[in-house]
Amino acid sequence: MKRSRVNEILREGEAFIRSFGYALPPFADWTPDEMKRRRGDIDGIVDARLGWDITDYGAGDFVRRGLFLFTVRNGDPADLASGRGMLYAEKIMISRREQVAPMHKHAVKAEDIINRGGGTLCIELFASAPDGGIDREAPLVVPTDGVMRRVDAGGILRLAPGESVTLLPGVWHAFWGEGKDVLIGEVSTVNDDLSDNIFADPIARFSQIEEDEMPHRLLVSDYPAWL
């Protein structure tokens, strides 16, 4: 993706998030220069990979396949073994109308995916087969705001604003907005986007950025090179 396109998506996404009254943390507004100036004080942001995240999954077609994310808080995966510490994470995301976040699962992370407003959030679901792949026959049961719902293999769960679903590790899922763009909340176990996203197809989690202008905001994937 070109940096100019990333900057455009960022500005649109910031406005969309705030249009719902969702207040982002102060560091969301920091410029790259300000993050560099504060570098000695922001290990908690950099190490936990908090902040902006835009991906087209390497496909070069963000409108059809992509996702807009902001990680608000996140713990350390190393603490999971002891069961002590900050074992949770929170994200706010945007799924554009008919923009697909492709089929994937997590080996560790359990997550609540919440429709915070906008259109209908559509989630295609599959159980894991014994070998870890997609089971295209077995139905599955998922909790939706405390109510268990049965979904056929490949069935589409539709969540209206205010509704949510809990997805445990191993549940394959893809999602997109229907009707209108959707603001999505995610509350989960510690988030590790470097190793805990298992895609059905061989695709990239992070986009390669072509630097055609200066960044409006740094993405989490920019931190190693810029900070």
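The buried residues of helix α1 are Arg3, Val6, Asn7, Ile9, Leu10, Gly13, Glu14, Phe16 and Ile17. I should say at once that this is a predicted model. The helix itself runs over residues 3–19. It has 17 residues and reaches 24 Å from its first C-alpha to its last, close to the 24 Å expected at 1.5 Å a residue. As a general point, an α-helix has 3.6 residues a turn, so residues three or four places apart point the same way. What, then, covers the buried residues of α1? The cover includes three strands early in the sequence, β1 (51–55), β2 (67–74) and β3 (88–95), together with β11 (172–189) and α4 (223–226). Just after α1, the chain passes through Gly21, which takes a positive phi of about 80 degrees.

Let me turn to the nonpolar interior. The largest nonpolar core has 30 residues, and those touching the most other members are Ile17, Ile45, Trp52, Ile54, Phe68 and Phe70. Which elements give two or more residues to this core? They are α1, α3 (43–48), β1, β2 and β3. Of these, α1 gives the most, with 5 residues. Apart from this core lies another, of 22 residues, with Leu67, Met93, Ala101 and Val165 among them.

Trp52 deserves a separate word. Leaving aside neighbours within four places in sequence, its contacts include Leu10, Glu14 and Ile17, which are also among the buried residues of α1. Trp52 is further in contact with Leu24 and Ala28, with Phe68, Leu69 and Phe70, and with Arg217, Leu218, Leu219 and Val220.

I now come to two residues with unusual backbone angles. In general, most residues other than glycine have a negative phi. Tyr57 has a positive phi of about 55 degrees although it is not a glycine. Tyr57 lies in the loop between β1 and β2. Is Tyr57 buried or exposed? With a relative accessible area of 5%, it falls under the 20% limit, and therefore Tyr57 is buried.

The second case is Asp145, which also is not a glycine and has a positive phi of about 55 degrees. Its place is in the loop between β7 (140–144) and β8 (147–151). At 47% relative accessibility, Asp145 lies between the limits of 20% and 50%, so it counts as partly exposed.

Asp145 also has a partner to consider. A polar contact of 2.6 Å joins its side chain to that of Ser164. Ser164 is found in strand β10 (residues 164–167). Why does Ser164 count as buried? Its relative accessibility is 8%, and buried means under 20%, so Ser164 qualifies. Not counting residues up to four places away in sequence, Ser164 touches Ile113, Ile114, Pro143, Thr144, Asp145 and Leu159.

Finally, the protein as a whole. Its secondary structure comes to 4 helices and 12 strands. The radius of gyration is 17 Å, close to the 17 Å that the globule rule gives for 227 residues, so the protein is as compact as a globular protein of that length. Along the principal axes, the C-alpha trace spans about 50 × 45 × 35 Å. Of the 227 residues, 49% count as buried. Among contacts between residues at least 6 apart in sequence, 74% join residues at least 24 apart. The protein exposes about 10500 Å², and carbon and sulfur atoms supply 50% of that area.

Notes: Residues numbered from 1 in each chain as written. Predicted model: local features only at pLDDT ≥ 70, side-chain atom pairs only at ≥ 80, totals over all residues. Heavy atoms only, no water. Expected span 1.5 Å × (residues − 1). Buried < 20%, exposed > 50% of the residue type's maximum accessible area, 1.4 Å probe, protein only. Contact = heavy atoms within 4.5 Å. Core = buried A, V, L, I, M, F, W, Y, C linked by side-chain atoms within 4.5 Å. Rg over C-alpha atoms; globule rule 2.2 N^0.38 Å. Areas by Shrake-Rupley, 256 points an atom, 1.4 Å probe, with all protein chains shown as cover. Polar contact = N/O pair within 3.5 Å; in protein donor to acceptor, adjacent residues only side chain to side chain.
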